[in-house]
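Colleague: I should like to learn how to read the side-chain pairings in a protein model. Could you please take me through them in order?

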Amino acid sequence: ELDGLFDVPAGFHFFDPKVLYDALSGRWFASLGSAVDNPTGTDEARLHVAVSQTGDATGAWGVYSIPYEHIFPDFPAIGVSDDKVTFSANFFDIDGPPGPVTLGCVPVAGYCGEQTIVLQKSDVLAGAPSPGTVFFPLRLNRFTVRPAHSLSSTSDQYLATFDTFFIDVLKVIKISGTPNEGNVEESRV
């Protein structure tokens with residue numbers, strides 16, 4: 001079951017599973033979102049990440065989760081390059097609208113922005129308990145950014161989205177560097 005594989009906390013609803021096979025490493029990568037609306041406490045959510053320990057998807061997996069409060073990751077996506085595993089998700093307020101939304105979120109829609117997260121691929125392949133990670137800030141001017149699944153060797157991670165003002169204009173983003181080297185940069189292509 002998905003909730004067991006990803007170690008989803010009791011009471012959390014889970015959604016939007018994604019999986020991909022990375023031929024470069026011979027491993028499987030998966031993601032899942034989960035959230036709980038706590039009527040008397042803090043709303044919580046997680047972006048769950050799983051990496052197969054071998055090329056066998058039915059074998060053991062290493063599991064990570066990134067916690068959030070008040071907002072949840074919707075439509076998470078996965079991308080890989082030689083040295084990076086990249087995730088992107090749209091974030092929405094758990095409670096609103098129609099209720100009040102978290103500060104910084106759009107009141108009418110509850111949209112809080114898109115976030116891209118970069119993990120050090122060598123760390124997650126080795127099962128490191130705390131892989132090198134870079135969190136780009138939430139961006140209200142982006143929506144549904146999709147990391148590429150690199151099929152041949154490249155250290156650059158490419159992502160695609162559309163321009164928020166001109167929906168028919170494709171934006172291509174390049175992420176270079178690695179979390180462990182401390183030189184992760186994003187540029188438009």
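**Reading the side-chain pairings**

Modeller: Let us begin with one pair: a polar atom in the side chain of Asp 43 lies 2.8 Å from the backbone nitrogen of Asn 38. A polar contact is a pair of N or O atoms within 3.5 Å; within protein, one must be able to donate a hydrogen and the other to accept it, and residues adjacent in sequence count only if both atoms are side-chain atoms. This is a predicted model, in which local features need pLDDT of at least 70 and side-chain atom pairs count only at pLDDT 80 or more, while totals for chains, interfaces and linings use all residues. Residues are numbered from 1 along each chain as its sequence is written, and side-chain values use heavy atoms, with hydrogens and water left out.

Colleague: Where is the place of Asp 43, and is Asp 43 buried or exposed?

Modeller: Asp 43 sits in the loop between strand 2 (27-36) and strand 3 (44-52). Helices (H or I, at least four residues) and strands (E, at least two) are DSSP runs, numbered from the N terminus. Buried means under 20% relative accessible area, exposed over 50%, and partly exposed in between (1.4 Å probe, protein chains only). Asp 43 has a relative accessible area of 2%, so Asp 43 is buried.

Colleague: Which residues is Asp 43 in contact with, leaving aside its neighbours within four places in sequence?

Modeller: Contact means heavy atoms within 4.5 Å. With those neighbours within four places left aside, the residues in contact with Asp 43 include Val 36, Asn 38, Tyr 68, His 70 and Ile 94. Asp 43 and Ile 94 are 51 residues apart in sequence, yet their C-alpha atoms are 6.9 Å apart in space.

Colleague: How many salt bridges does the structure hold?

Modeller: Side chains of opposite charge can pair when their charged atoms come close. A salt bridge is a side-chain nitrogen of Lys or Arg within 4 Å of a carboxyl oxygen of Asp or Glu. The structure holds six salt bridges. One of them joins Lys 121 to Asp 22, with the closest N and O atoms 2.5 Å apart. Because Lys 121 lies in helix 2 (residues 121-126) and Asp 22 in strand 1 (residues 13-22), the pair ties together parts that are 99 residues apart in sequence. Both Lys 121 and Asp 22 are buried.

Colleague: Which residues are linked in a network of salt bridges?

Modeller: The network of salt bridges links Glu 114, Arg 139, Arg 142 and Glu 186. Glu 186 pairs with Arg 139, the closest N and O atoms being 3.1 Å apart. Glu 186 lies in strand 12 (residues 185-188) and Arg 139 in the loop between strand 8 (133-135) and strand 9 (146-147), so this salt bridge ties together parts that are 47 residues apart in sequence. Glu 186 counts as partly exposed because its relative accessibility is 27%, whereas Arg 139, at 18%, counts as buried. A salt bridge also joins the side chains of Arg 142 and Glu 186 (2.5 Å, N to O). This pair links distant parts of the chain, with Arg 142 in the loop between strand 8 and strand 9 and Glu 186 in strand 12, 44 residues apart.

Colleague: Which residues does a disulfide join?

Modeller: A disulfide is a covalent bond between the sulfur atoms of two cysteines. The cut-off here is a pair of cysteine sulfur atoms within 2.5 Å. The structure holds one disulfide, which joins Cys 105 to Cys 112 (S to S 2.0 Å). The link of Cys 105 and Cys 112 is right-handed, with 100° about the S-S bond, and both cysteines are buried.
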